[in-house]
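Subject: Structure for you to look at

Hello,

Here is the structure I said I would pass on. Please open it beside this message; my notes follow below it.

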Amino acid sequence: MIQPGVYPASATPFTEKGRIDRNGVARLLSFFEASGCQGVVLAGTNGEGPSLSAVEKRDLIQMAQPVKGSLDLILGVATPSLDEAIWLCKRAGEFGAAAVLLMPPYYFKSATEQAIVEWYLEVLEKSPVPIIAYNFPKASGITFRGEMLEPLSQHVNFAGCKDSSGHEPNLVEFRQAIQSSNQVLFVGDETLLLPALKAGWSGTISGAANVIARFLSAIVRDWFEGNRDSAEEKFKLALPAIQALRNSTQPAMNKACMASLGLLERSDVRLPLVSESESGALKILAIVEESVGYGV
């Protein structure tokens, strides 16, 4: 069972030669654990998952396993290949992932909703780990509706949904579609974090948590501990930082900010992405400092 909380959509650290930096992964996981996060998503959108090969994704979950501490590991899977998606789910199971965050088969934008549901059901049936459906129409070209989630939610291997659409009506629609207390709903657009919590959602899988993990964790922790006024005040403080991070080029700006904060040795991103400048990162971090302070 996936637990509520904050799950950073972790950046993927690279070496000078462009390979995954094993030591960098260990440092990031230690930072996220110390920041109060429940778990972490590897090779997701902010982790440049589409730029990683299937073998690299397998290696990433394998190298993260011995250094995860108390974090739950979730592997991001974004591929239109049914066989590759199932293969990655099996590798995630081998190396102790708690779940897979699965984007729909994005190449096939003309596929019917029923075909998308059947694609997910095939993966659900063959995966050894639970599946979290990932609704991100801007990236996938495929939009989930509540009617699509309902049949998936009946499968024993369905763990829940992440919604990065930024479409606020989904907070109610998806909550109605997913009724089980054993299934989670994570918001990807952190500007909707407080409305999502009020609508009964489970927390966030967050790109901004690469930079402000501790503050986001405090908001969600306060909420679930019943300190609702404190959660609301902290959310108001964090909102300018969240907006500044979300309005910048991601994941490049997250990596530039993380490098400036000493969380990453390098801010490199893989082509076709382009790295952000240190000066740009410092402008964003000035807003972060004013909102919630450094070291968060």
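Pro-272 lies in the loop between α11 and α12 (278–291). The peptide bond that leads into Pro-272 from Leu-271 is cis, with omega near 15 degrees. Please keep in mind that this is a predicted model, and that goes for everything below.

A second cis bond runs from Gln-250 to Pro-251, where omega is near 10 degrees. Pro-251 sits in the loop between α10 (228–246) and α11 (252–260). One more backbone point concerns Ala-43, whose phi is near 60 degrees, a positive value in a residue other than glycine. The loop that holds Ala-43 is the one between β2 and α2.

The sheet

The strands form an open sheet of eight, in the order β1-β8-β7-β6-β5-β4-β3-β2, and the pairing is parallel. At the edges are β1 (5–8) and β2 (39–42), each of which pairs on one side only. From one strand to the next the twist averages 25 degrees.

If you want to trace the pairing residue by residue, start at the β1 edge. β1 and β8 run parallel and are joined by four bridges. Val-6 stands opposite Thr-204 in β8. On to the next pair: strand β7 (residues 184–187) is parallel to β8, with two bridges between them. Here Phe-186 has Gly-203 of β8 as its bridge partner. Further into the sheet, strand β5 (residues 131–135) pairs with strand β6 (residues 158–163) in the parallel sense, over five bridges. In that pair, Ile-132 has Gly-160 in β6 as its bridge partner.

Two helices can be placed against this part of the sheet. Helix α8 (residues 193–198) belongs with β7 and β8 to a right-handed β-α-β unit. Helix α9 (residues 209–224) lies across β1 and β8 (203–206), and runs at about 175 degrees to β1.

Helix pairs

Two packed helices are described by the angle between their axes and the distance between the axes. I went through three pairs in this way.

How do α1 and α2 pack? Helix α1 (residues 22–34) packs on α2 at an angle of about 55 degrees, with the axes 10 Å apart. The two are therefore oblique to each other. The crossing in which α1 passes α2 is right-handed. On the α1 side the contact is made by Arg-22, Val-25 and Leu-29, and on the α2 side by Leu-60, Met-63 and Ala-64. Five residues of this contact are nonpolar, none is polar and one is charged.

The other partner of α2 on my list is α3. The axes of helix α2 (residues 54–64) and helix α3 (residues 82–94) come within 10 Å and cross at roughly 15 degrees. That angle makes α2 roughly parallel to α3, since angles under 35 degrees count as such. This crossing is right-handed. From α2, the residues Ala-54, Lys-57, Arg-58 and Ile-61 meet Glu-84, Trp-87, Leu-88 and Arg-91 of α3. The contact of α2 with α3 holds four nonpolar residues, no polar ones and four charged ones.

The last pair is α4 and α6. Which way do the axes of helix α4 (residues 113–126) and helix α6 (residues 146–153) cross, and at what angle? They come within 10 Å of each other and cross at roughly 25 degrees, and α4 and α6 are therefore roughly parallel to each other. The crossing of α4 and α6 is right-handed. From α4, the residues in the contact are Glu-113, Ile-116, Val-117, Tyr-120, Leu-121 and Leu-124, and they meet Met-148, Pro-151 and Leu-152 in α6. By type, the contact of α4 with α6 has eight nonpolar residues, no polar ones and one charged.

If you have time for a few places only, I would suggest going to the cis bond from Leu-271 to Pro-272, the cis bond from Gln-250 to Pro-251, and Ala-43 with its positive phi. After those, the contact of α2 with α3 is worth opening for its four charged residues.

Regards

Note on methods:
Residues are numbered from 1 along each chain as its sequence is written. This is a predicted model: local features need pLDDT of at least 70, side-chain atom pairs count only at pLDDT 80 or more; totals for chains, interfaces and linings use all residues. Side-chain values use heavy atoms; hydrogens and water are left out. Axes are lines fitted to C-alpha atoms, for helices over the stretch in contact, and angles run from 0 to 180 degrees between N-to-C directions. Angles under 35 degrees count as roughly parallel, over 145 as roughly antiparallel, 65 to 115 as roughly perpendicular and the rest as oblique. A crossing is left-handed if the near helix is turned anticlockwise from the far one by less than a right angle, and right-handed if clockwise. Contact means heavy atoms within 4.5 Å. Ala, Val, Leu, Ile, Met, Phe, Trp, Tyr, Cys and Pro count as nonpolar, Asp, Glu, Lys and Arg as charged, and the others, Gly among them, as polar. Two strands pair if DSSP finds at least two bridges between them. A crossover is right-handed if, with the strands pointing away from the viewer, the path from the first strand over the helix to the second runs clockwise.
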